[in-house]
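Hello,

Here is the structure we talked about handing over. Please load it first, then read the notes below.

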Amino acid sequence: MKPPLFEYVAPHSIEEALEALASDDMARPLAGGQSLIPTMNFRIAAPSRLVDLARIDALKGHAVEGDVIRVGAMTRQRDLERDEAVRRANPLIAEVLSNVAHIVIRNRGTVGGSIAHADAAAELPCMLLATGGSVVAHRAGGERTIAADDLFLFHMTTALEAGELLIEVRIPTLPPSTGYAFQEVARRHGDYALAGVCALVTLEDGVCTAVRLAACGVASKPTRLAEAEAALLGAPPEGEALARAASAARDGATAADDRQASADYRKDLVAALVRRTVAKAAERARERA
Ligand SMILES: Cc1cc2nc3c(=O)[nH]c(=O)nc-3n(C[C@H](O)[C@H](O)[C@H](O)COP(=O)(O)OP(=O)(O)OC[C@H]3O[C@@H](n4cnc5c(N)ncnc54)[C@H](O)[C@@H]3O)c2cc1C
């Protein structure tokens, strides 16, 4: 199916893009087009104007700066996945990205586009929550930073306002003594996750001194697993504590039955994935110590 008629503009600067968005309520930014164009072809979305961000050099590129990885919104997912400096600074990013769709889609899809799209089952929003990252947004007359904890409001809904442009994604580097893991279950490799869990575990003398867990696919938005984190904090990441964490994650999953999976199945998945990712992250934390 073809999309409904739309106007197309291709600005060369952030300022021009903001103007093009501000002058039409129904205008939308176009990044890699890997989600927006299919939704237009299915007539789920019908923007009157597409503001193509592809020619704006200021939105491209990424760099490791101190304890943060700064990623321009238009950085292609595959470029970030393959960057050696990024892998050294936070290897979780490549592990997560290898689960996003397929290579051809990651060659076009952007980091900013995936975060702004905010699918509840998407991997990158889950990673941003788990790492405690943030985004920088611009609108006419201002800039603001939004923490991942405040960004994701609902499936495909973020705190970004109409006319506001996501400029940069900021991902913390992996802290010392910390292990990481991302795992998901999907019907086929490259599909959105039925459930996925991202774990960061910091160990001192075998005890968890910091834990961050986030899940995708099991609620109406990517979700921090705060009660599961609390069950692990101050304990070795195994045995009773791990069982309590898995059980808390299971109880916290709120996704309803749908065509892909029953609610109970997703609950079982998130519990199993908490066990697996925490164990893997703990193993890596020990290796790094
Ligand atoms: C077959 C297939 C399988 C896929 N599987 C997965 C998967 O398993 N996991 C997954 O996470 N994704 C998956 N995707 C989606 C893919 O990762 C997309 O690349 C991503 O969701 C959107 O990125 P994009 O750059 O293509 O954004 P676009 O499609 O161009 O835009 C997406 C939305 O974000 C908005 N937007 C884009 N950039 C900005 C910005 N800078 N500021 C404000 N708003 C902006 C757009 O207006 C639009 O509403 C799949 C896609 C396909 C086609």
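**Around the ligand**

The shell around the ligand splits into 17 nonpolar, 11 polar and 4 charged residues. Keep in mind that this is a predicted model. In total, 32 residues surround the ligand. The closest are Gly 32, Gln 34, Gly 109, Gly 113 and Ala 122.

Which element gives the most to this shell? That is helix 7, with 5 residues. Helix 7 covers 111-117. Strand 2, helix 2, helix 8 and strand 10 (165-172) also supply at least two residues each.

**Gln 34**

Gln 34 is among the closest residues to the ligand. Its place is the loop between strand 2 (27-30) and helix 2 (36-41). Is Gln 34 buried or exposed? Gln 34 counts as buried, because it has 20 C-beta neighbours inside 10 Å.

Some of its partners are distant in sequence. Setting aside neighbours within four places in sequence, Gln 34 is in contact with Ile 105, Arg 108 and Gly 109. Gly 109 is also on the list of residues closest to the ligand. Thr 110 is 76 residues from Gln 34 in sequence, yet the two C-alpha atoms are 8.7 Å apart in space.

**Domains**

The domain assignment gives three ranges: domain 1 (7-49), domain 2 (60-172) and domain 3 (178-288). The centres of domain 2 and domain 3, taken over C-alpha atoms, are 21 Å apart. Between them, 24 residues of domain 2 are in contact with 20 residues of domain 3.

On the domain 2 side of this contact, three elements give two or more residues: helix 5 (92-97), helix 8 (123-131) and strand 8 (152-154). Helix 8 has the largest share there, 7 residues. By type, that side of domain 2 holds 15 nonpolar, 5 polar and 4 charged residues. Helix 8 therefore deserves a second look in your viewer: besides touching domain 3, helix 8 supplies at least two residues of the ligand shell.

**Nonpolar core**

The largest nonpolar core has 91 residues. Which of them touch the most other members? Ala 249, Val 270 and Val 274 do. Helix 12 (residues 263-288) provides the largest share of this core, 9 residues.

Val 274 makes a good starting point for a contact list. Neighbours within four places in sequence aside, Val 274 is in contact with Val 197, Leu 213, Leu 225, Ala 228, Ala 245, Ala 246 and Ala 249. Ala 249 is thus a contact of Val 274 and, like Val 274, one of the three core residues that touch the most other members.

Best regards

Terms used. Residues numbered from 1 in each chain as written. Predicted model: local features only at pLDDT ≥ 70, side-chain atom pairs only at ≥ 80, totals over all residues. Domains from an automatic or database assignment. Contact = placed C-beta atoms within 7 Å. Helix = DSSP H or I, 4+ residues; strand = E, 2+ residues; numbered from the N terminus. Nonpolar A, V, L, I, M, F, W, Y, C, P; charged D, E, K, R; others polar. Buried ≥ 20, exposed ≤ 12 C-beta atoms within 10 Å, placed from the backbone. Core = buried A, V, L, I, M, F, W, Y, C linked by C-beta atoms within 7 Å. Near = placed C-beta within 6 Å.
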